[in-house]
Amino acid sequence: MAKKQIAVIGAGISGLGAFKCCLEENLEPTCFERNDDIGGLWKFRKNTSEKMPSIYKSVTINTSKEMMCFSGFPIPDHFPDYMHNSKFMDYFRMYVKHFGLMKYIRFKTKVQSVRKHPDFSFSRQWDVVVEANGKQETLVFDGILVCSGHHTDPYLPLQSFPGIEKFEGCYFHSREYKSPEDFSGKRIIVVGIGNSGVDIAVELSHVAKQVFLSTRRGAWILHHVWENGYPMDNSFLTRFNSFVQKIGTTAIINNHLEKILNSRFNHAHYGLQPQHR
């Protein structure tokens, strides 16, 4: 019996894991990647492109390597707990080489459309139109795995900033930020206290004249390094802590965690104390 043909869209972290699993299930995957390399979001590029993920030069993973790796292929012991994006790309290349995945990837190939085959009710097959080198090709597959990611469309709510059209400085979404060199001596406001906002604000503070970090409701700041110097998620996401959360009340657990976080620095002193627990 012929193997079922599976189209995998994207050769980022999800795509690589997906078509490796296809091989384990005796399926025949073909991975379509619009760029010239694997890695997806984690591949640093100097320029941003529309509908493409983008990271800044200094990005490191915010999940420890033990939690971030593929279950069947641990990250080497000598790699740091929180890897730089270039180190993470090294891991991807090791993964691809180890499992012989490269031969299943078609680079610089964009998927234009995915539609049900005319006899889909009977065959359960799909028509996939791809484009490479200016030429289109229609292929038939038994299954589709969409692994194209979701960090592609920036959210820039300019209507929330009255007078922005009169602002003479520059403003842009964090996906366009690459490195701090161009911001030396400037006054900057970073809107949003998510991972990217905090990262960029800290990095800019080393070169800018002044940096403001704007947060709508405050936040609890968790550190990479937790008790006894272990990565936060390794220390926190344990069976014992899971058991404690099941038997303890929400108030008791929140009080304990907030005490730990405020022992690092008192959030109220920095205007960061949120209303939520």
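**A walk through the chain, starting at helix H5**

Let's start with helix H5, which covers residues 195-204 and has Gly197, Ile200, Ala201, Glu203 and Leu204 as its buried residues. If you look down the axis of H5, these buried residues fall within an arc of 165 degrees, so they line one face of the helix. And what do the buried residues of H5 pack against? They pack against strand S8 and against strand S9, which runs through 210-214. Keep in mind as you look around that this is a predicted model.

Now follow strand S8 itself, which takes in residues 187-191 and includes Val191. Is Val191 buried or exposed? Val191 has a relative accessible area of 53%, and since anything over 50% counts as exposed, Val191 is exposed. Val191 also belongs to a nonpolar patch on the surface, which it makes together with Phe161, Ile189 and Phe212. That patch comes to about 380 Å².

Let's step back and take in the whole chain. There are 8 helices and 9 strands to find in it. The C-alpha atoms fill a box of roughly 65 × 55 × 40 Å, if you lay the box along the principal axes. The chain has 277 residues, and 34% of them count as buried. Its accessible surface is about 18,000 Å², with 53% of that belonging to carbon and sulfur atoms. You can also ask how contacts link up the sequence. Take the contacts between residues at least 6 apart in sequence: 52% of them join residues at least 24 apart.

Next stop, helix H8. This one runs over residues 250-264, so to speak a stretch of 15 residues, and spans 22 Å from its first C-alpha to its last. That is close to the 21 Å expected at 1.5 Å a residue. Which residues of H8 are buried? They are Ile253, Asn254, Glu258, Ile260 and Leu261. Down the axis of H8, the buried residues sit within an arc of 155 degrees, so they line one face of the helix. Part of what covers them is helix H7, residues 239-247. Turn to the face of H8 that points away from its buried side, and you meet the exposed residues Ile252, Lys259 and Ser263.

The loops are worth a visit too. Find Asn35 in the loop between strand S2 (28-32) and helix H2 (65-68). Its relative accessibility is 17%, and because buried means under 20%, Asn35 counts as buried. What does Asn35 touch, leaving aside its neighbours within four places in sequence? Asn35 is in contact with Arg45, Met52, Phe107 and Lys108.

Two other loop residues show up through their backbone angles. Arg124 sits in the loop between helix H4 (120-123) and strand S5 (126-132). Phi of Arg124 is near 60 degrees, a positive value in a residue other than glycine. Asn228 has a positive phi as well, near 65 degrees, and it isn't a glycine either. You'll find Asn228 in the loop that leads from S9 to helix H6 (232-236). With a relative accessible area of 75%, Asn228 is exposed. That brings us back to S9, one of the strands that the buried residues of H5 pack against.

Terms used. Residues are numbered from 1 along each chain as its sequence is written. This is a predicted model: local features need pLDDT of at least 70, side-chain atom pairs count only at pLDDT 80 or more; totals for chains, interfaces and linings use all residues. Side-chain values use heavy atoms; hydrogens and water are left out. Helices (H or I, at least four residues) and strands (E, at least two) are DSSP runs, numbered from the N terminus. The expected span of a helix is 1.5 Å times one less than its number of residues. Buried means under 20% relative accessible area, exposed over 50%, partly exposed in between (1.4 Å probe, protein chains only). The arc is that of the directions from the helix axis to the C-beta atoms. Contact means heavy atoms within 4.5 Å. Patches are made of residues with over 30% relative accessible area and no salt bridge: like charges are joined within 9 Å, nonpolar side chains (Val, Leu, Ile, Met, Phe, Trp, Tyr) within 5 Å. Accessible areas come from the Shrake-Rupley method with a 1.4 Å probe; for residues, only the protein chains shown count as cover. A salt bridge is a side-chain nitrogen of Lys or Arg within 4 Å of a carboxyl oxygen of Asp or Glu.
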